[in-house]
Amino acid sequence: MKENIRNKKIWDLPLRLFHISLILLVIGSISSAKMNMLDLHQYFGVALLGLVFFRILWGFFGTYYSRFRSFNLSIVDALSQFSKTNNITSIRTPIGCYSTIIIMMVLLSISVSGLFSSDDILYDAPLSFLTPNLTSDWTYIHNILHYFLYILIGIHVLAILYYQIVKKMKIIERVLDGYSRIEKINIVSINEKPLIGIFLLLILTFSPILILLYFN
Ligand code: HEM
Ligand code: HEM
């Protein structure tokens, strides 16, 4: 797709790969846990933890819209986001930014609590030996948090469908190919060099799996 005033690249390739990988790893983590395949579940979980670390690093070293400093966290903008007269001029909407941060924090907490959990029968997570007296607390937190994740994902998908169908913004195409398809907003041009990001994403996602395989 060609770059012009309406159509500028905003999401770099590593960020788009991050999003697809995130969806796959969340589906893998939840379905393996629900099928009681905890040996497999731990690999999905630690890969997801690595992916979250990637996103945190990419928030400092990625291109403009991947960086946390491009996030619009203004409460005034957030309150006006749904009014017809809102004058938000950034591609990053405040509610979108809040939800990104909350989803990442919940995923981080689920993954970390998982590392210390146990099913009390056949499976003890890799770090559960460090806090043996707290294992049931970690497991409780781990089991509760996934309900928050369901709610957040539900809201996320509904919000995306609202922008896509009601506001006709082609936001899904945007996260697939990275192009903005928007006129009225000031857009910063990004100069992406994706290889380092892809390399970082692969290293951080796969090395926790390899470490776990090595110690098992
Ligand atoms: C497991 C399910 C999902 C999770 C955990 C998730 C998480 C996220 C996160 C964290 C972001 C922010 C990206 C960033 O700046 O780092 C995001 C953006 C986005 N997601 Fe998802 N997502 C999920 C499923 C989906 C699905 C199914 C769709 C499509 C229907 C979708 C469409 C989008 C779009 C279009 C954006 C970009 C929003 C924008 O332009 O501001 N997501 N998602
Ligand atoms: C860091 C790696 C992870 C480890 C070692 C781990 C470990 C565990 C363990 C031991 C259980 C069984 C708890 C019980 O029997 O009550 C469990 C359940 C579960 N985990 Fe994880 N987990 C990890 C990451 C994740 C992630 C990232 C997610 C979601 C994205 C997740 C979602 C679930 C779900 C949905 C259950 C089933 C809870 C239920 O049956 O109600 N886990 N996990």
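**Two ligand sites in a predicted model**

Q: What makes the arrangement around the iron atom of ligand 2 octahedral?
A: In this predicted model, the 6 donor atoms around the iron atom subtend angles of 86 to 179°. Six donors count as octahedral if opposite donors are over 155 degrees apart and all others between 65 and 115. The arrangement is therefore octahedral.

Q: Which residues coordinate the iron atom of ligand 2, and what makes them donors?
A: His41 and His142 coordinate the iron atom, each through NE2, at 2.0 Å. The cut-off for a donor here is 2.8 Å from the metal.

Q: Why does the histidine pair tie together separate parts of the sequence?
A: Histidine 41 belongs to helix 2 (residues 38–61) and histidine 142 to helix 5, so the pair links parts that are 101 residues apart in sequence.

Q: What makes the approach of arginine 55 to ligand 1 a polar contact?
A: An N or O atom in the side chain of arginine 55 is 2.5 Å from an oxygen atom of ligand 1, and the limit for a polar contact is 3.5 Å. Arginine 92 places a polar side-chain atom 2.8 Å from an oxygen atom of ligand 1. Histidine 156 has a polar side-chain atom 2.8 Å from a nitrogen atom of this ligand.

Q: Which elements give two or more residues to the shell around ligand 1?
A: They are helix 1 (13–34), helix 5 (135–166) and helix 6 (171–177). Helix 1 gives the most, with 6 residues.

Q: How many residues surround ligand 1, and of which classes are they?
A: There are 17: 11 nonpolar, 3 polar and 3 charged.

Terms used
Residues are numbered from 1 along each chain as its sequence is written. Chains are lettered from A and ligands numbered from 1 in the order in which they are written. This is a predicted model: local features need pLDDT of at least 70, side-chain atom pairs count only at pLDDT 80 or more; totals for chains, interfaces and linings use all residues. Side-chain values use heavy atoms; hydrogens and water are left out. A residue is near a molecule or strand if one of its heavy atoms lies within 4 Å of it. A polar contact is a pair of N or O atoms within 3.5 Å; within protein, one must be able to donate a hydrogen and the other to accept it, and residues adjacent in sequence count only if both atoms are side-chain atoms. Helices (H or I, at least four residues) and strands (E, at least two) are DSSP runs, numbered from the N terminus. Ala, Val, Leu, Ile, Met, Phe, Trp, Tyr, Cys and Pro count as nonpolar, Asp, Glu, Lys and Arg as charged, and the others, Gly among them, as polar. Donors are N, O and S atoms within 2.8 Å of the metal (3.2 Å for Na, K and Ca); water is not among the atoms, so sites may look incomplete. Four donors count as tetrahedral if all angles lie between 85 and 135 degrees; four count as square planar and six as octahedral if opposite donors are over 155 degrees apart and all others between 65 and 115; anything else is irregular.
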